[in-house]
Amino acid sequence: MRVGIAVGQALALAAAALALAHAQGTDPLHSPECDAARAVLERALDEAARKDPGSAARLTAARKQAMEACLGRESGERERSGAPEPAIAVPPAVMQPPHARAAPAVVVPQPPAYVAPAVVTTCDNTGCWDSNGQRINRLGPMLVGPRGVCTVVGGTVHCP
């Protein structure tokens, strides 16, 4: 029985070695196609470094060919491992204060026009006439205008 177990183990080891050798033989990074694509890519990189005309287009084509031959993919995107998507950093929102409304125009009232005090022009027994054409009636020693008692200073009359 021990011989059977040893033979079984030897067969298992041989199968594993054969599978490993087969897996190493199909490694796309060591394939002749990948080696040729890498050589073309190296030449394209040298041309791009020398800034030869048309080198950008050749470099792009050489990168795509090397990716297909060595990695077995057509796009440059990495394959997702199933891990969650990386966090996306979003800048904080900047709040602009609303534009303040223009203050209403302040209307500055004009000062009243200066009105020179009236001057007594002529008088009689019942009252006087002033320079504005108003009649100021005499009431005893006082003069009374349309709105009340007037003050007489010299020849100038101030009536309310």
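**Exercise 1. In strand 3, which residue is the bridge partner of Cys128?**

Keep in mind that this is a predicted model.

Step 1. Start with strand 2, residues 127-130. Strand 2 pairs with strand 3 (residues 135-139) in the antiparallel sense, over 3 bridges.

Step 2. Look across from Cys128 and you land on Ile136, its bridge partner in strand 3.

Step 3. Now check the turn: 4 residues sit between strand 2 and strand 3 in this hairpin, and Gly133 in the turn has a positive phi of about 90°.

**Exercise 2. Work out how Cys123 and Cys128 are linked.**

Step 1. Strand 1 (residues 118-123) runs antiparallel to strand 2, with 3 bridges joining them. The hairpin between these strands goes through 3 residues.

Step 2. Cys123 has Cys128 as its bridge partner in strand 2.

Step 3. Check the sulfurs: they are 2.0 Å apart, and a disulfide joins Cys123 to Cys128. So this pair falls within the 2.5 Å cut-off for a disulfide.

Step 4. The link is right-handed, with 100° about the S-S bond.

Step 5. Compare the two ends. Cys128 is buried, with a relative accessible area of 2%, whereas Cys123 comes out at 46% and so counts as partly exposed.

**Exercise 3. Find the other disulfide partners, starting from Cys34.**

Step 1. The count comes to 2 disulfides. Besides the Cys123 to Cys128 link, there is one that joins Cys34 to Cys70, with S to S at 1.8 Å.

Step 2. This pair ties together distant parts of the chain: Cys34 lies in helix 2 and Cys70 in helix 3, 36 residues apart.

Step 3. The torsion about the S-S bond of Cys34 and Cys70 is about 100°, so this disulfide is right-handed.

Step 4. As for solvent, both Cys34 and Cys70 are buried.

**Exercise 4. Check the length of helix 2, then sort out its sides.**

Step 1. Helix 2 covers residues 32-50, which is 19 residues. At 1.5 Å a residue it should span 27 Å, and its end C-alpha atoms are 28 Å apart, so the two agree.

Step 2. List the buried residues of helix 2: Cys34, Ala37, Leu41 and Ala44. They cover an arc of only 85° around the axis, which puts them on the same side of the helix.

Step 3. Here's the background: an α-helix has 3.6 residues a turn, so residues three or four places apart point the same way.

Step 4. What do the buried residues of helix 2 pack against? Their partner is helix 3 (55-71).

Step 5. Flip to the face turned away from the buried side, and you'll find the exposed residues Pro32, Ala49 and Arg50.

Step 6. Finish at the end: just after helix 2, Lys51 takes a positive phi of about 60°.

Definitions and conventions. Residues numbered from 1 in each chain as written. Predicted model: local features only at pLDDT ≥ 70, side-chain atom pairs only at ≥ 80, totals over all residues. Heavy atoms only, no water. Helix = DSSP H or I, 4+ residues; strand = E, 2+ residues; numbered from the N terminus. Expected span 1.5 Å × (residues − 1). Buried < 20%, exposed > 50% of the residue type's maximum accessible area, 1.4 Å probe, protein only. Arc of directions from axis to C-beta. Contact = heavy atoms within 4.5 Å. Pairing = 2+ DSSP bridges.
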